[in-house]
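Visitor: I am new to this structure and would like to learn how to read it. Could you show it to me and take me through its features?

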Amino acid sequence: MEMNGKPKLRATTVLGVIRNGKAALGSDGQMTLGNTVIKHSTKKIRRLRQANLITGFAGATADAVTLLDRFEEKLQAYGGQLERAAVELARDWRTDKYLRRLEAMLAVVGQEKALIISGTGDVIEPEDGIVAIGSGSMFALASARSLLKHTALEASDIVRESLKIAADICIYTNDHIILEEV
């Protein structure tokens, strides 16, 4: 529950991995309201039209879609420069009166870079090429790091297996996995 007494909409695990020049991003499909599952197959990832990138979100769906649209605009405005577009989105998100109220996080992966973008102005590029956001993210992240280090699995297989492990542990994550690859 939130402080105002309304049930909090939650439940997302999004994980992205880069390996051997390929990137994969996947998410579970569960959405809950308070302690009730209200949907099993929510799509939380999308391929961007103009760039060879995949994005995923955690948080309020309408807020995330608004941010994804803004991110696409920034990519177009900055000639597809991922880092520059991410920094400009994060800056707007933190400073704009309307945008700063949006509650979501974004994960972005391409063949060479993986980023997490937050409303606090953070643009994080993890050293290991793994991005994870949402309620089960730390379970999926730990699994992905282990699989990346100790197996020869492809990026998409690491994402799929790690999300399954997160689904076994996190009550806000299910095993209806949606996965995209570039």
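Guide: What follows is a conversation about sheets, helices and annotated sites.

Visitor: How should I take the numbering and the values?

Guide: This is a predicted model, in which local features need pLDDT of at least 70, side-chain atom pairs count only at pLDDT 80 or more, and totals for chains, interfaces and linings use all residues. Residues are numbered from 1 along each chain as its sequence is written, and side-chain values use heavy atoms, with hydrogens and water left out.

Visitor: How are strands and helices named, and in what order do the strands E6 to E10 stand in their open sheet?

Guide: Helices (H or I, at least four residues) and strands (E, at least two) are DSSP runs numbered from the N terminus, and two strands pair if DSSP finds at least two bridges between them. Here five strands form an open sheet in the order E6-E7-E8-E9-E10, with antiparallel pairing. E6 and strand E10 (123-124) are at the edges, and because each has a single partner strand, one side of each is left without a neighbour in the sheet. The antiparallel strands E6 and E7 are joined by three bridges, and isoleucine 45 has glycine 56 in E7 as its bridge partner.

Visitor: Which strands does helix H1 lie across?

Guide: For directions, axes are lines fitted to C-alpha atoms, for helices over the stretch in contact, and angles run from 0 to 180 degrees between N-to-C directions; contact means heavy atoms within 4.5 Å. H1 lies across E6, E7, E8 and E9, and it runs at about 45° to E8. H2 also packs on the sheet, where it touches E8, E9 and E10, and its direction makes about 10° with that of E9.

Visitor: How can I check the length of a helix such as H1?

Guide: The expected span of a helix is 1.5 Å times one less than its number of residues. For the 17 residues of H1 (residues 61-77) this gives 24 Å, and the end C-alpha atoms are 24 Å apart, which agrees. After H1 comes glycine 79, which has a positive phi near 60°.

Visitor: Which residues of H1 are buried?

Guide: Buried means under 20% relative accessible area, exposed over 50%, and partly exposed in between (1.4 Å probe, protein chains only). An α-helix has 3.6 residues a turn, so residues three or four places apart point the same way. In H1 the buried residues are Asp63, Ala64, Leu67, Leu68, Phe71, Glu72, Lys74 and Leu75. Their cover includes strand E6 (45-47), strand E7 (54-59), helix H2 (82-95), E8 and strand E9 (114-118).

Visitor: What does valine 108 touch?

Guide: Valine 108 belongs to strand E8 (residues 104-109), and it counts as buried because its relative accessibility is 0%. Beyond residues up to four places away in sequence, valine 108 touches a set of residues including Phe71, Leu82 and Leu115.

Visitor: How is the sheet containing E11 and E2 ordered?

Guide: This open sheet has four strands in the order E11-E2-E3-E12, and the pairing is antiparallel. Its edge strands, strand E11 (130-134) and E12, each pair on one side only. On average, neighbouring strands of this sheet are turned by 10° against each other, direction ignored. Helix H3 (residues 137-150) lies across E2 and E11 at about 20° to E2, whereas H4 lies across E2, strand E3 (22-27) and E12, running at about 150° to E2.

Visitor: Where does UniProt place the feature "active site"?

Guide: UniProt positions are given in the numbering used here, feature names are shortened, and annotations may be inferred rather than shown by experiment. The unreviewed UniProt entry places "active site" at Thr12. Threonine 12 is in the loop between strand E1 (9-10) and strand E2 (13-19), and it counts as buried at 6% relative accessibility. A polar contact is a pair of N or O atoms within 3.5 Å; within protein, one must be able to donate a hydrogen and the other to accept it, and residues adjacent in sequence count only if both atoms are side-chain atoms. The side chains of threonine 12 and lysine 44 make such a contact (3.5 Å).

Visitor: Which residues does the annotation "binding site" cover?

Guide: In the unreviewed UniProt entry it covers Ala167, Cys170 and Thr173. Threonine 173 lies in the loop between H4 and E12 and is buried, with a relative accessible area of 4%. Its side chain is joined to that of threonine 13 by a polar contact of 2.5 Å.
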